[in-house]
Amino acid sequence: MGAYVLRRLGYGVGVALGVLFLLFVLFFTVTAPDDIARKALGEKAPQVAVEQWKANHGYDRPLWPWQDWDDNLLFDHYTKMLTFDFGLSDADDAPIMDRIQAGMGPSLSLTVPLLFLGLIVAIPISLLVAFFRETYIDRMGVFICVLAMSVSTLLYIIGAQFLIGKILRWYPISGFDADPLLLPRFLALPIIVGLMSGIGGDVRFYRTVFLEESARDFVRTARAKGAGEARIMSHHVLRNALIPILTRVVLAIPFLFTGSILLEAFFGIPGLGSITVDAIRANDFSTLRTMVFIGSLLFVLGQLATDLSYGFVDPRVRFE
Amino acid sequence: MMGLAPHMLSNLVVLALLVGLLGLSRWVRRRRIWLESAQAIWQRRRLAIVVIAAYLSIALLDSVAWVGGVPEGVADVLPNQSLSVLDRLFLDTREASYSAPFADFEWTGGEALRHPGSHVLGTDILGRDVLYLALKGARVALLIGGLTSLISIPLALLFGVTAGYFGGRFDDFVFFLISTLASMPGLLLLIALIMALGKGTFSVCLALGVTGWVGFCRLSRAETLKLRELDYVEAARALGVSEVRIIFRHVLPNLAHLIVITFVLTFSALVLSEAVLSWLGIGVDGSWGQMIDGARNELSRDPIIWWNIGAAGAALFGLILAVNSVGDAIRDVLDPRTARTSE
């Protein structure tokens, strides 16, 4: 077991280092520091100003270790990212770490309720659809799912803001307030939109899982013993389907922290998604690469956690 | 393109596409499994296939273009410009106004229109016919889905099949590359690539292709690992058949159903993600995503301007729904796994 954990950990570290290298290639060589400076200062900035900007933001050193072993951007990039010293924003010189810490709370306040409400809504519906498999209810359900999946998230957002926010005036169109009394009113609309846009894919996924489980031998045995269909669904199918469902939830946890780019930007929630969109709009490369790194790191950690828990639970995984 | 005008290139692509489709249909007709699958899919989703064919023909009409042959008044405005069949259909009704569907007078100012009721879906804020713009988006959408698949599927097959078949160090490297790319947040990697590559149709497709090949690469690698161990592959190897021939004759044909399923299912995802990119300001010119984004704020006017966003949204929704439902049917028919569970 120890060897398995070590091997898996080593692989996770390797992937994180690989991500950092890709980021370096994308943000330091494909877009050279000169391009970044010119995007910040304007196309017609004099070369002196560009050099000055590069010196101020620490971009004025050689890129690769073979150019200068002691002082190069590649090693600097690795040491800074791995010690979580993200430095200053390229756009307005604000510390990136402060921003991330401030954005984590609003992001979580949207994504955590969204995850749980999604489970609460999608699982009963998909159980129902799987219960009526091969009937008109099943076919209608699947068709509605495909229908719901075919609408662009942009249209869901614009439609909900227009219909619920502007015409019906149930909830504010956008905005955010950390006050726990006001917060639910502001979060209502993005949560509704998030549920609508995710429900189609979720129900289809869970339906497939349930159908796979209900084709198993133990379900047939239970039916032969005389167990009712409802009891089979709740005791034999749902219980066994909890493993893939749980895997999906665990894999979704890292993304709770990074928030939802579209929802946060449209509904004015100052979370990590909004920070990312602002960084894209402002050509803020240092913030953008930090966000990509954090997202990847969380994903790697999530995968590691899932794999290790499998290793603990299922002895077959260890000896592979 | 070395002295070749862009519209001539697009005409050649149309020709190549038509020849390719003809060849494909002949090929399918000669193989019984594929013929039966195609018939089963056609029987399940007739309407959706007709809808996709309609979108495709609109896109083809918009791709066949030539210079000249326009009426007098228009030739002064657009001298020596190539116009597609679709452009020519909408030449007469061009009118610089802002009007609602079937309107008799201008929305702003209230002046009478020269051609009352000619704009079936109204015009946008720049006076362009909305129906024309919505139809023109079909070409862009199919281009995004098609070109990106042409980049990502061969890339995924190249790496996935060779890694799975030969194994060893190369397989380790490919697997590491896949896990690294898969761990980066998709949309962010996409944005980073487009910011690095610059804007434009080709670089957007390239970025979408580079981020999108990972999933299929993993799938084809896993599938090749299984196929490699099969008896007939071993028999071929024992008979001294070359590795390249084994891959092309025994491995790739067994991946064909996966290629078709992946192509159709990622197509809709690609078109939808282009809409998001348009909203971020890094989309493709003339796409439905750009129309939706441009008309977003028009909804807050009074009276409400709904026809713009409605037309683009409906066109996008129609294509995606048709492709998704055909994709479902294709997966049901071709994928042995779903065929087994639905028994």
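Me: In this predicted model, which helix of chain A does A:Ile158 lie in, and is A:Ile158 buried or exposed?
Reply: Let's start with the place: A:Ile158 belongs to helix H7 of chain A. Next, look at its surroundings, where 22 C-beta neighbours sit inside 10 Å. A residue needs 20 or more to be called buried, so A:Ile158 in H7 of chain A counts as buried.

Me: Leaving aside neighbours within four places in sequence, which residues is A:Ile158 in contact with?
Reply: Good thing to check, as a contact here asks for C-beta atoms within 7 Å. For comparison of a plain distance, the C-alpha atoms of A:Ile158 and A:Ile173 are 9.8 Å apart, with their positions 15 residues apart in sequence. Once the neighbours within four places are set aside, the contacts of A:Ile158 are B:Arg296, B:Leu299 and B:Ile309.

Me: How many residues of chain A are in contact with chain B, and how do they divide by type?
Reply: On the side of chain B, 32 residues take part, and they meet 34 residues of chain A. Several elements of chain A give two or more residues to this side, including helix H1 (2-30), helix H7 (153-167) and helix H13 (285-313). The 34 residues of chain A divide into 23 nonpolar, ten polar and one charged.

Me: What pattern does chain A follow along its sequence, and how many helices and strands does it have?
Reply: Reading along the sequence of chain A, you meet α-α-α-α-α-α-α-α-α-α-α-α-α-α. The C-alpha atoms of this chain fill a box of roughly 85 × 60 × 35 Å along the principal axes. The count for chain A is 14 helices and zero strands.

Me: What share of chain A is buried, and what share of its contacts between residues at least 6 apart join residues at least 24 apart?
Reply: Chain A has 320 residues, and buried ones make up 35% of them. For the contacts, we look at pairs at least 6 apart in sequence, and ask which of these join residues at least 24 apart. The two values are 35% for burial and 67% for the contacts.

Me: Where around helix H4 of chain A do the buried residues sit?
Reply: Helix H4 covers residues 73-82 of chain A, and its buried residues are A:Leu73, A:Leu74 and A:Met81. They span an arc of only 105° around the axis, and therefore they lie on the same side of H4(A).

Me: What phi do A:Phe84, A:Glu134 and A:Arg169 take?
Reply: Take A:Phe84, which comes just after H4(A) and has a positive phi of about 55°. A:Glu134 is in the loop between helix H5 (96-131) and H6 of chain A, and with 10 C-beta neighbours inside 10 Å it counts as exposed. A:Arg169 is in the loop between H7 and H8 of chain A, and its 9 C-beta neighbours inside 10 Å make A:Arg169 exposed as well. Neither of these two is a glycine, yet phi is positive, at about 65° for A:Glu134 and near 60° for A:Arg169.

Me: Why are H2(B) and H13(B) called oblique to each other?
Reply: The axes of helix H2 (residues 32-44) and helix H13 (residues 307-334) of chain B come within 9 Å. H2(B) makes the contact through B:Ser37, B:Ala40, B:Ile41 and B:Arg44, and the residues from H13(B) include B:Val326 and B:Ile330. The contact divides into seven nonpolar, one polar and one charged. The axes cross at roughly 140°, and roughly antiparallel would need an angle over 145 degrees, so the pair is oblique.

Me: At what angle do H6(B) and H13(B) pack, and what is the handedness of the crossing?
Reply: Helix H6 (residues 130-166) of chain B has its axis 10 Å from that of H13(B). Among the residues that meet are B:Ala134 and B:Gly137 in H6(B), and B:Trp307 and B:Ala311 in H13(B). This contact has nine nonpolar residues, two polar and no charged. The angle is about 35°, and the crossing is right-handed.

Me: Which residues does B:Val174 contact, apart from neighbours within four places in sequence?
Reply: B:Val174 is found in helix H7 (residues 168-183) of chain B. It counts as buried because 20 C-beta neighbours lie inside 10 Å. Its contacts beyond those neighbours are B:Phe159, B:Ala163 and B:Arg221.

Conventions:
Residues are numbered from 1 along each chain as its sequence is written. Chains are lettered from A and ligands numbered from 1 in the order in which they are written. This is a predicted model: local features need pLDDT of at least 70, side-chain atom pairs count only at pLDDT 80 or more; totals for chains, interfaces and linings use all residues. Two residues are in contact if their C-beta atoms, placed from the backbone, lie within 7 Å. Helices (H or I, at least four residues) and strands (E, at least two) are DSSP runs, numbered from the N terminus. Ala, Val, Leu, Ile, Met, Phe, Trp, Tyr, Cys and Pro count as nonpolar, Asp, Glu, Lys and Arg as charged, and the others, Gly among them, as polar. A residue is buried if 20 or more other C-beta atoms lie within 10 Å of its own, exposed if 12 or fewer, and partly exposed in between; C-beta atoms are placed from the backbone. Axes are lines fitted to C-alpha atoms, for helices over the stretch in contact, and angles run from 0 to 180 degrees between N-to-C directions. Angles under 35 degrees count as roughly parallel, over 145 as roughly antiparallel, 65 to 115 as roughly perpendicular and the rest as oblique. The arc is that of the directions from the helix axis to the C-beta atoms. A crossing is left-handed if the near helix is turned anticlockwise from the far one by less than a right angle, and right-handed if clockwise.
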